[in-house]
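Q: Got a model open here and want to go through a few spots in it. Can we start with a charged side chain?

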Amino acid sequence: LLQLPDLSFLDGMEVLGAKLVFAVPPPARITTFELRSLSTAWQPGSATWTSPWSVAGGDVQRNLAGRCTLFPSSHSAGNVVIDASAILQGCAEGAMSNYGLILKPLENEGSGYSSAIVEAIAQPSAFQLIVRFDSAE
């Protein structure tokens, strides 16, 4: 779960590009992550797999925001970049609420990471959000 900063500065703007950058070690097996926008408000430190969601694992927007696949043999520890432009443009247009993001492995794959590594990856300081924007006029 990733809590985004206040994005009100994007109101009425055109998002030219946005990317979410985070560092990860190589996974134990091929792991594909999806990035989706959350549709339910939550509080850091209190959200679990089942709470406050109506669906276990998090209430998400239907549209996929981004995806990345990591491979154990060819992926060395380093930065992963996922395009988050569609999510931030949706916030700028008022079409999406800013309840944050969720990055999780595809349901049929599981994760090539131990729970301790997932917790380390999920720390807010591990992520960087880079946004380029301009007036929509």
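Q: Glu 34, buried or exposed?
A: Buried: this is a predicted model, and in it Glu 34 has 13% relative accessibility, so Glu 34 falls under the 20% cut-off.

Q: Where does Glu 34 sit in the fold?
A: In strand β2, which covers residues 31-37.

Q: What does the side chain of Glu 34 make a polar contact with?
A: One contact is with the side chain of Arg 36, at 3.3 Å. Another joins the side chains of Glu 34 and Arg 67, at 2.4 Å.

Q: Switching to cysteines. How many disulfides?
A: Zero in this structure.

Q: And Cys 68, buried or exposed?
A: Buried, because the relative accessible area of Cys 68 is 9% and the cut-off is under 20%.

Q: Cys 91, buried or exposed?
A: Cys 91 comes out at 10% relative accessibility, so Cys 91 is buried as well.

Q: Now the largest nonpolar core. Which residues touch the most other members?
A: Phe 22, Leu 35 and Leu 88, out of 25 residues in that core.

Q: Which elements each supply at least two residues of it?
A: The strands are β1 (13-24), β2, β3 (66-70), β4 (78-83) and β5 (101-105), and the helix α1 (85-92) does so too.

Q: Which one gives the most to this core?
A: β1, with five residues.

Q: Why would nonpolar side chains be buried together?
A: As a general matter, that is a tendency of nonpolar side chains in soluble globular proteins.

How values were computed. Residues numbered from 1 in each chain as written. Predicted model: local features only at pLDDT ≥ 70, side-chain atom pairs only at ≥ 80, totals over all residues. Heavy atoms only, no water. Disulfide = S-S within 2.5 Å. Buried < 20%, exposed > 50% of the residue type's maximum accessible area, 1.4 Å probe, protein only. Helix = DSSP H or I, 4+ residues; strand = E, 2+ residues; numbered from the N terminus. Polar contact = N/O pair within 3.5 Å; in protein donor to acceptor, adjacent residues only side chain to side chain. Core = buried A, V, L, I, M, F, W, Y, C linked by side-chain atoms within 4.5 Å.
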